[in-house]
Amino acid sequence: MLTLCATPIGNLADISLRTLEILKESDLILCEDTRVSIRLLNHYNITARLESYHEHNKNSKTASILRQLREGKSIALVTDAGTPGISDPGEDLVRACAAEGISVTATPGPVAFVVALILSGKSTRRFVFEGFLPSDKKERLAVIESLVNETRTIILYESPHRITKTLSLLLEHLGNRNITLARELTKKFETLIHSTISDAIVEFESTTPKGEFVVIIEGKDANELKADSAKKWINMSFEAHMDLYLKQGFSEKDAMKKVATDRAISKRDVYAQLKIN
Ligand code: SAM
């Protein structure tokens, strides 16, 4: 069986008893960087065989991993930090196992974005996790554009050398939202910066950003979104707006309902406008 094992995101004590047990009993531990994982294994006196499995060798290694799993070996997958498969290798291997009918399980544990979200004070009821923005400029802009009208809390991962650039892009496209920057979570210098995007940019002009970041961005205000979309119809007459939906086959009642929703007004107001004109 393959087990995806979550490991600490900074504090070595944040590891479950079950994870330690599984790692100790594994025939093989796959990790991103052996130099990083050996520190964790040494700390807990785990001597299981360690091999690398990362973005650049995952395709060439999959067949041999699947063969060993079919032979009955116990294999654990860990990453440099946190939960495998979350902005880290894991997803492809799980898919390959599912296609071959090989069992996969997990020992859950730390995920940086969950820790950052619960400490942010932003809405935790509905959120969207985007991971790292794409490095390609066009793709990055497309993702940011798709977030302009997002009302859920938005979560991104970012490295210290790109954080200021990313914040400037967010300011330009999303406006000056409230954000929380979570840095060095669970470590000695854990910091939570609650500010606006522009204040964070100003702050980073005088202090060079250090450490790994999770960026939590307040979603767009639902009333602001309604008002923005209502503005789109301002230049269309109520009759033309009704016609649009009648031509699509909607009944008069449903067309009126849709016009009211589009313009963020009541059906009675739509009716009154149509009667007047
Ligand atoms: N699999 C990991 C998880 O479960 O969160 C994420 C791995 S991803 C390659 C690394 C990114 O996660 C960092 O660039 C940073 O954005 C975030 N991260 C990881 N550890 C963190 C920490 N201790 N504090 C803040 N952010 C962290």
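Mentor: Let's begin with a term: a molecule sits in a pocket if more than half of its atoms lie within 2 Å of the pocket's grid points. Keep in mind that this model is predicted.

Trainee: Where does the ligand sit?

Mentor: The ligand sits in the largest pocket, so by that rule more than half of its atoms lie within 2 Å of the grid points there. The protein covers 93% of the 570 Å² of accessible area that the ligand has on its own.

Trainee: What makes a residue part of the group that surrounds the ligand?

Mentor: One of its heavy atoms must lie within 4 Å of the ligand. Here 20 residues surround the ligand, and the closest are Ile9, Ile86, Asp88, Tyr157 and Phe213.

Trainee: Why is the pair between Asp88 and the ligand called a polar contact?

Mentor: The cut-off for a pair of N or O atoms is 3.5 Å. A polar side-chain atom of Asp88 lies 2.8 Å from a nitrogen atom of the ligand, so the pair counts as a polar contact. Backbone N or O atoms join in too: one of Thr83 lies 2.8 Å from a ligand oxygen, and one of Ile86 lies 2.8 Å from a ligand nitrogen.

Trainee: Which domains give at least three residues each to the shell around the ligand?

Mentor: Those are domain 1 (2-110) and domain 2 (113-220). The domain assignment also gives domain 3 (223-276), and 55 Å separate the centres of domain 1 and domain 3.

Methods
Residues numbered from 1 in each chain as written. Predicted model: local features only at pLDDT ≥ 70, side-chain atom pairs only at ≥ 80, totals over all residues. Heavy atoms only, no water. Polar contact = N/O pair within 3.5 Å; in protein donor to acceptor, adjacent residues only side chain to side chain. Areas by Shrake-Rupley, 256 points an atom, 1.4 Å probe, with all protein chains shown as cover. 1 Å grid on protein atoms, 1.4 Å probe; cavity = no way out; pocket = protein on both sides within 12 Å on 5 of 7 lines; lining within 4 Å. Domains from an automatic or database assignment.
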